[in-house]
Amino acid sequence: MAWNNGAADLIGFWEVAKARSFVGGKFDFFTLDEVKAELEAKKAAGELDEDPEEMMQGFYTRVEFTEDGKVRNWIKAPAGVTDEEIEAALAAGELIGWKDGLMCLEEKVWKEENGAFLYDTGEHREIFGEVKSSWDELALNDEGLLPFGSGMILLRKC
């Protein structure tokens with residue numbers, strides 16, 4: 001699926017629409033509601049010790065593509081973190097940013113090259129001793145969602 005308005009379509013905040021998860025014994029892309037129902041059913045059946053809400057934290061991630069070529073991953077702050085702790089982490093450079101209950105821990109880059117959008121995953125990739133590029137293409141799938149995070153999540157624009 002094409003980017004209709006170029007970089008303007010990419011720039012901004014994106015949320016997790018679907019993530020690779022196990023639901024009904026199948027590993028595929030599922031929505032938050034589908035994963036939540038599966039985890040709550042397992043919890044009720046005594047098959048799960050963990051808190052389902054904690055296991056779904058990845059769904060609360062926001063990815064920001066900025067005009068100046070930055071990719072920022074925003075995650076929900078852990079329960080119990082105080083404003084003082086956040087301010088100290090910001091002052092120490094441990095956090096890149098904080099807003100709306102989300103904190104940014106990492107920043108990567110994206111670029112436009114030959115009409116395609118690419119982002120640097122920062123991953124070291126090697127196949128049979130040959131080093132491969134750390135850059136992934138940012139291309140919408142047939143559903144209009146953006147595969148991200150080594151293909152583990154599908155994003156939709158907020």
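This report walks through a predicted model of one protein chain, from its overall make-up to its strands, cores and largest pocket.

**Ground rules**

Residues are numbered from 1 along each chain as its sequence is written, and side-chain values use heavy atoms, with hydrogens and water left out. Since the model is predicted, local features need pLDDT of at least 70 and side-chain atom pairs count only at pLDDT 80 or more, while totals for chains, interfaces and linings use all residues.

**The chain as a whole**

Let's start with the big picture. The chain holds four helices and 12 strands; helices (H or I, at least four residues) and strands (E, at least two) are DSSP runs, numbered from the N terminus. Its C-alpha trace spans about 55 × 40 × 40 Å along the principal axes. Of the 158 residues, 36% count as buried, where buried means under 20% relative accessible area, exposed over 50% and partly exposed in between, with a 1.4 Å probe and protein chains only. Contacts (heavy atoms within 4.5 Å) tell us about the fold too: among those with a separation of 6 or more, 53% are between residues 24 or more positions apart.

**Strand β1 and its partners**

A good strand to look for is β1, residues 12–23. It is mostly covered, with nine of its 12 residues buried. Two strands pair if DSSP finds at least two bridges between them, and the table lists pairings for β1 and for another strand, β7.

| Strand pair | Bridges | Direction | One facing pair |
|---|---|---|---|
| β1 and β2 (residues 26–30) | five | antiparallel | Arg20 and Phe29 |
| β1 and β3 (residues 62–65) | four | antiparallel | Gly12 and Phe65 |
| β1 and β12 (residues 153–157) | five | antiparallel | Trp14 and Lys157 |
| β7 and β6 (residues 102–113) | four | antiparallel | Phe117 and Glu112 |
| β7 and β10 (residues 135–138) | four | antiparallel | Tyr119 and Asp136 |

The link between β1 and β2 is a hairpin with two residues between the strands, and Gly24 in the turn has a positive phi of about 60 degrees.

**Strand β7, covered on both faces**

Now move along to β7, residues 116–120. Five of its five residues are buried, so β7 is largely enclosed by the rest of the structure. You can check this face by face: Ala116, Leu118 and Asp120 are buried on one side, and Phe117 and Tyr119 are buried on the other. With β6, β7 makes a hairpin that has two residues between the strands, where Asn114 takes a positive phi near 50 degrees.

**Two nonpolar cores**

A nonpolar core is a set of buried Ala, Val, Leu, Ile, Met, Phe, Trp, Tyr and Cys residues joined through side-chain atoms within 4.5 Å. The largest one has 24 residues, of which Leu10, Phe65, Leu138, Leu146 and Phe148 touch the most other members. At least two residues of this core come from each of β1, α2, β3, β7, β11 (146–148) and β12, and β1 gives the most, with four residues. Leu146 is worth clicking on: not counting residues up to four places away in sequence, its contacts include Trp3, Trp14, Ala139 and Ile153.

Apart from this core lies another, of five residues, among them Ala77, Ile86, Leu95 and Met103. Ala77 sits in the loop between β4 (70–76) and α4 (83–91). Is Ala77 buried or exposed? It is buried, with a relative accessible area of 18%. Leaving out residues up to four places away in sequence, Ala77 touches Trp98, Gly101 and Met103. Its C-alpha atom is separated by 26 Å from that of Ala41, 36 residues apart along the chain.

**The largest pocket**

Finally, look for empty space. On a 1 Å grid over the protein atoms alone, a pocket is an open set of points where a 1.4 Å probe fits, with protein on both sides within 12 Å along at least five of seven lines; lining residues have an atom within 4 Å of a point. The largest pocket holds about 230 Å³ of space, a volume being the space filled by probe spheres set on the points, which are joined across faces, edges and corners. Of its 15 lining residues, Arg20, Ser21, Val35, Met55 and Phe59 are the closest to the centre. The elements giving two or more residues to the lining are β1 and α2 (32–44).

By class, the lining has nine nonpolar, three polar and three charged residues. Here Ala, Val, Leu, Ile, Met, Phe, Trp, Tyr, Cys and Pro count as nonpolar, Asp, Glu, Lys and Arg as charged, and the others, Gly among them, as polar.
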